[in-house]
Structures are given as structure tokens and as C-alpha cells.
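Good morning, everyone, and thank you for making time for this. I would like to walk slowly through one model with you, so please have the sequence and the picture open while I talk.

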Amino acid sequence: MRFGTMSSQMRTRAGPSPWVWLISAVLHAWVLFQWPAWQAQAAPSPRWQVQVQTDSPSSDLRPNPSPRTALPTPATLLTEPAQPREATRPASPETRAPTSQPTAPPPLARPSLETEADVAAQPHTDALLAQAKPAVAGVSAPSTTAAAPSAVGGFRPPLGARLRYDLQGIAKGFGYSAKAELLWQPDASQYESRLEVSHFLLGSRVQTSQGQITAEGLAPRRFGDKVRSEQAAHFQRDKGLITYSANTPDTPLLAGTQDRLSVFIQISGMLLAEPQRWGPGAVMNFNTTGARDSEPWAFQVAGMEQLKMPYGTLEALRLVRQEQKQYDQRVELWMAPSLEHLPVRIRITQTSGDQVDLLLRSKEPPSTNP
């Protein structure tokens with residue numbers, strides 16, 4: 001019995017057994033490796049918020065970018081206004097609407113693959129203004145279209161062309177480059193137009209417009225806007241309505257209404273027919289529709305400028321869209337008289353600072369293969 005007691009005392013003085021040291025070392029190693037993961041779980045996760053607004057001069061079908069995506073898809077490259085950030089660009093004196101009042105920014109919405117499907121529809125307008133005045137004062141009454149286009153009524157359509165552009169853009173502070181092509185195909189009484197912006201990583205956006213050529217100008221029949229799937233506006237002239245495939249409320253079809261692609265060619269035809277009429281300070285007014293709704297657009301003539309672009313040096317007439325609301329995008333057009341007043345440069349600037357700048361690279365007949 002005494003021998004056993006002495007043995008226990010000797011083991012106690014010698015310290016813990018090797019098994020105790022081994023278990024303690026394993027526990028310390030496990031805590032050491034798990035510590036970073038515990039810290040990451042304890043840290044608050046960011047809450048992403050995506051702002052969505054309805055279709056305005058260009059807003060239509062747009063997939064929301066992931067918070068990890070540095071650049072947007074080309075759905076936002078041409079006509080979609082960006083949501084305002086903390087610092088917004090005030091409207092310049094030449095484009096500020098004198099009587100309009102600032103409006104509050106659109107509400108936040110949860111992100112979705114196709115944001116416009118989640119945007120609340122605008123109130124339906126019951127009154128049809130079928131007898132409204134034409135968009136441009138002084139336009140003569142409709143007449144039968146001749147075999148060769150003429151300047152009757154202050155409009156003469158330019159000849160068919162395929163315009164290719166180099167696109168320089170800024171998105172969220174990052175610069176990028178892309179390609180764009182505008183195809184304009186008229187005949188005696190019908191026309192087709194197609195604008196495509198493409199990027200090998202970001203994808204593409206295609207807008208199309210089909211309709212008739214009248215003495216007053218273009219009379220669109222259908223406007224399509226495609227990013228992943230296509231949405232369209234249909235001009236039902238027998239009913240005096242514009243209907244939308246996105247199931248947004250119908251809008252009245254006013255005389256002279258253009259879509260967001262045909263409006264560029266409409267301006268070209270007006271300048272081509274009566275260049276002396278559209279001097280600095282003159283304003284062109286249009287009711288313009290996208291794939292979801294319509295709104296008034298007004299372009300003020302700023303004057304002639306000399307441009308140096310991939311195509312070469314050109315003299316072009318600059319027009320600036322007058323901003324009607326606080327967060328309207330700034331749209332600038334340069335129409336070259338030497339190229340039948342077709343758009344040789346299109347620059348769109350969002351209030352967030354994002355920008356798209358299309359610079360003419362080549363002009364070819366419409367039958368030329370891409």
C-alpha cells in the first residue's frame with residue numbers, strides 16, 4: 001500500500017502523461033485553423049441594393065448586373081437612363097427645360113434577371129388624342145408616296161446605308177470599347193432600320209424599327225428592343241394606340257410619333273429636306289416611344305462643329321436633347337451634311353457619369369455584308 005502511494009506521488013511530480021499533451025496540442029491546432037472562419041461568419045454581410053427605373057429615353061429590357069460585375073451589359077449602352085448616385089450632374093443651361101420641375105428618383109426594387117418585368121406600369125391614359133398636331137410645326141398633310149423619295153412636307157429620307165461605329169464607354173469608372181452598327185434600308189414607301197451594339201464579353205443589344213415612309217416622315221409600325229428576349233411596341237393606327245408586348249398600359253398614338261431608333265433617321269430627313277430651317281437655337285419636338293412607354297423628346301440645334309473620328313475629319317451639326325426631368329440622360333447627336341445628315345456621332349451621358357460614345361468608322365451601302 002505504501003509502495004502504491006509513493007508511485008502515485010512520483011507520477012504526479014513528473015507532470016501530465018503524453019496523452020494529455022497530445023490531446024491539448026490537437027485542440028490548439030483545431031482552434032487556430034478555425035479562427036479565420038469564425039471571424040468571417042461573425043462579420044456583417046453587405047446588403048446589395050439595385051435600383052430599377054422604368055423605360056425612359058432608353059430604358060427598356062435590362063438584366064440587372066450582379067454586384068460582382070464591374071461593367072453592365074450593353075442593355076444600358078444606348079438609351080437607358082442610369083439611376084442617380086450621390087453626386088449627380090446638373091442639367092446644363094442649353095438643355096434644361098424652362099418649365100419642368102425636378103422629380104424624385106425612382107424607388108428601389110429587388111434585382112431580377114429582366115428588371116422591366118418588375119417595374120410598376122404607368123397609369124393608363126383613356127383620352128385618345130387622335131387629332132393632335134404633328135410633332136414638327138409646318139408639316140403638310142399626308143400625300144401619296146412617290147416612287148422616288150422627295151422633300152415634300154419638310155422631309156426627305158436619306159439613301160440606304162450601313163454605318164459602323166467604334167464605341168468608347170465608361171461604366172462605373174471603368175473604360176471599355178465595343179462595336180456598333182446602324183443599318184438603314186428604305187425603298188419607295190417602306191423602311192427597315194437596325195442598330196446593334198455588341199461586346200465579346202458583355203453580349204449585345206439589338207433595336208429594330210419597321211414602318212412606312214410618308215410625306216411627313218417616318219411612320220413606324222413596330223419597334224423591337226432585344227437583350228436576352230425581345231420586347232416590342234406596336235403602332236395600331238386604326239385604333240390610335242401604341243400597345244406593348246410587356247403588358248404595360250397602352251399610350252395614345254400622336255401624329256408624328258417616332259420610336260427610339262427611327263427618331264435618328266427622322267432628324268436626318270428633316271435636315272436633308274430643309275437645312276436652312278434648322279439653324280442654331282431651333283428645336284425639333286417628337287413624341288417618342290420605347291418598348292414600354294412614350295414620352296416627349298426635344299432636340300435643340302447647337303451649331304456646326306469639326307470632328308476627328310476613325311472615319312476622318314467631318315463637319316457635323318450638333319443637336320442636344322433638352323432634359324425634361326432631373327435625371328434625364330444627356331443625348332448629343334452630330335449629323336454630317338456631307339453624309340446626308342446621317343448620325344456620325346452619338347454620345348449618351350447618364351447622370352451617374354456613365355457614358356457611351358459612338359464614333360463613325362465606315363459608311364457603306366446597306367447590301368454590304370457585316
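**Salt bridges, one helix and the whole chain**

Let me begin with the charged side chains: the structure, which is a predicted model, holds 19 salt bridges. I will go through three of these with you.

In the first one on my list, Arg-164 pairs with Glu-364, and the closest N and O atoms are 2.4 Å apart. Arg-164 belongs to strand 1, residues 161-171, while Glu-364 belongs to strand 15, residues 355-364, so this pair ties together parts that are 200 residues apart in sequence. Where do the two partners stand in terms of burial, given that buried means under 20% relative accessible area? Arg-164 is buried, with a relative accessible area of 11%, whereas Glu-364, at 24%, counts as partly exposed.

Strand 1 also contributes to the next pair, in which Asp-166 forms a salt bridge with Lys-179, with 2.9 Å between the closest N and O atoms. Because Asp-166 lies in strand 1 and Lys-179 in strand 2, residues 174-186, the parts that are tied together here are 13 residues apart in sequence. Asp-166 counts as buried at 14% relative accessibility, and Lys-179 is partly exposed at 42%.

The third pair is Glu-295 and Lys-325, whose side chains meet in a salt bridge at 3.6 Å, N to O. Glu-295 sits in strand 11, residues 294-309, and Lys-325 in the loop between strand 12 and strand 13, so the pair links parts that are 30 residues apart in sequence. Glu-295 is buried at 11% relative accessibility, while Lys-325, at 35%, is partly exposed. This pair also belongs to one network, in which salt bridges that share partners join Arg-260, Asp-293, Glu-295, Arg-321, Lys-325 and Asp-328.

Now please turn to helix 3, residues 262-273, which has 12 residues and reaches 17 Å from its first C-alpha to its last, close to the 16 Å expected. How many of the residues of helix 3 are buried? The count is 12 of the 12, so helix 3 is largely enclosed by the rest of the structure; among the buried residues are Phe-264, Gln-266, Met-270 and Leu-272.

Finally, let us step back to the whole protein chain, which has three helices and 15 strands. Of its 370 residues, 45% count as buried, and the accessible surface comes to about 19300 Å², of which 58% belongs to carbon and sulfur atoms. Among contacts between residues at least 6 apart in sequence, 57% join residues at least 24 apart.

Notes: Residues numbered from 1 in each chain as written. Predicted model: local features only at pLDDT ≥ 70, side-chain atom pairs only at ≥ 80, totals over all residues. Heavy atoms only, no water. Helix = DSSP H or I, 4+ residues; strand = E, 2+ residues; numbered from the N terminus. Buried < 20%, exposed > 50% of the residue type's maximum accessible area, 1.4 Å probe, protein only. Contact = heavy atoms within 4.5 Å. Areas by Shrake-Rupley, 256 points an atom, 1.4 Å probe, with all protein chains shown as cover. Expected span 1.5 Å × (residues − 1). Salt bridge = Lys/Arg side-chain N within 4 Å of Asp/Glu carboxyl O.
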